[in-house]
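Ready for some practice in reading a protein structure? Take a look at the sequence and the model, then work through the exercises one step at a time.

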Amino acid sequence: MRLVRYGEKGQEKPGLYEADGHIRDLSGIVDDVAGEVLSAAGLAKLNAFDPKRLPLVEGKPRLGPCVAGVGKVVGVAINYRLHGAETGSKQPTEPTLFLKATSAITGPYDDIVMPKNSEKTDWEVELGVIIGSRAKNIAEKDAADHIAGYCVLDDVSERAFQLERGGQQHTKGKSADTFCPLGPYLVTRDEVPDPQKLKLWTDVNGERMQDGSTADMLFSVAKLVAYISEFMTLEPGDVIATGTPDGVGRGRNPPLYLRAGDKIELGIDGLGTQRHLVTGTD
């Protein structure tokens with residue numbers, strides 16, 4: 001299934017996205033795409049409904065973040081070999097983790113607003129992993145059982161905040177409002193047979209900047225879910241940003257950063273495409 005949340009900001013309703021682009025209203029069945037709805041039992045309940053019997057949503061409403069009730073967004077730094085090489089970073093022996101503020105979460109087509117005093121706002125297409133059931137000290141072989149699905153995630157980063165404002169400050173550089181677009185949809189785990197074989201890409205103003213594959217990850221999705229669960233309990237709706245491939249603005253020579261008026265398009269095979277307009281500082 002492909003689950004969406006549609007409607008104005010703060011008033012989104014749950015929906016089922018069909019292959020023909022239509023949305024079916026799920027609000028008569030579940031309150032939102034969140035919590036127990038993301039469990040294996042919750043998803044099975046949704047999957048049992050005949051989509052054609054669900055109300056058809058008219059028009060083309062705004063799509064919000066594809067999951068609600070996110071308790072935390074856990075980021076993983078330098079998790080692609082080529083990205084590490086382009087930034088001159090030492091290859092980590094264990095996943096490097098940071099937290100990204102949930103107030104940064106926004107929709108897949110909403111504007112990206114550069115924060116006040118922004119100098120070096122950058123793009124990072126990433127595979128987002130959405131947790132479906134509580135995970136604490138789990139084994140890597142059991143990780144998939146705790147995943148509800150996957151989505152496109154843009155880990156927007158202000159590099160000056162991240163690297164020049166008191167040392168390595170990943171959370172500070174990655175948590176501005178609108179810096180975590182999620183969606184367009186949550187694609188359930190059964191639709192993604194191998195998350196380590198996905199192409200992902202970013203275009204800025206029509207120019208291909210990132211063109212990578214999750215096969216280049218240092219630490220697999222299963223490894224990340226199990227590893228993170230050693231240090232914090234993962235709850236339904238939590239999101240893991242699994243790292244970005246090479247091609248970020250920081251890695252170019254000379255570096256290239258976003259400016260007001262830029263247009264970004266990014267996507268992952270089978271998970272959809274995001275599109276954003278970059279606007280001036282808020």
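Three exercises follow, each with a worked solution.

This is a predicted model, in which local features need pLDDT of at least 70, side-chain atom pairs count only at pLDDT 80 or more, and totals for chains, interfaces and linings use all residues. Residues are numbered from 1 along each chain as its sequence is written, and side-chain values use heavy atoms, with hydrogens and water left out.

**Exercise 1.** Work out how many helices and strands the protein has, and what its radius of gyration says about its overall form.

*Solution.* Begin with the secondary structure: there are five helices and 18 strands. Both are DSSP runs numbered from the N terminus, with helices (H or I) of at least four residues and strands (E) of at least two. Next, take the radius of gyration, computed over C-alpha atoms; the globule rule is 2.2 Å times the number of residues to the power 0.38. For 282 residues, a compact globule would come near 19 Å, and the protein's 18 Å agrees with that.

**Exercise 2.** Trace how strand β2 is joined to β1 and to β3.

*Solution.* Two strands pair if DSSP finds at least two bridges between them. Strand β1 (residues 2-6) runs antiparallel to β2, and four bridges join them. One of the partnerships links L3 with L16 in β2. The two strands form a hairpin with six residues between them, and G7 in the turn has a positive phi of about 120 degrees. Now move on: β2 and β3 (residues 23-25) are also antiparallel, over three bridges. Here Y17 has I23 in β3 as its bridge partner. This hairpin has five residues between its strands, and G21 in the turn has a positive phi of about 95 degrees.

**Exercise 3.** Find the aromatic pairs and say where their residues lie.

*Solution.* Rings of Phe, Tyr and Trp (its six-membered ring) pair if their centres lie within 6.5 Å; planes under 30 degrees apart are stacked, over 60 edge-to-face, and the rest tilted. That rule gives two aromatic pairs. In one, Y17 and Y185 are tilted, at 4.8 Å centre to centre with 40 degrees between the planes. Y17 lies in β2 and Y185 in the loop between β12 and β13, so this pair ties together parts that are 168 residues apart in sequence.

Then check accessibility (buried under 20% relative accessible area, exposed over 50%, partly exposed in between, with a 1.4 Å probe and protein chains only). Y17 is partly exposed at 23%, while Y185 is buried at 9%.

Finally, Y227 and F231 form a tilted pair, at 4.9 Å and 55 degrees. Both lie in helix α5 (residues 221-231), four residues apart, about one turn of the helix.
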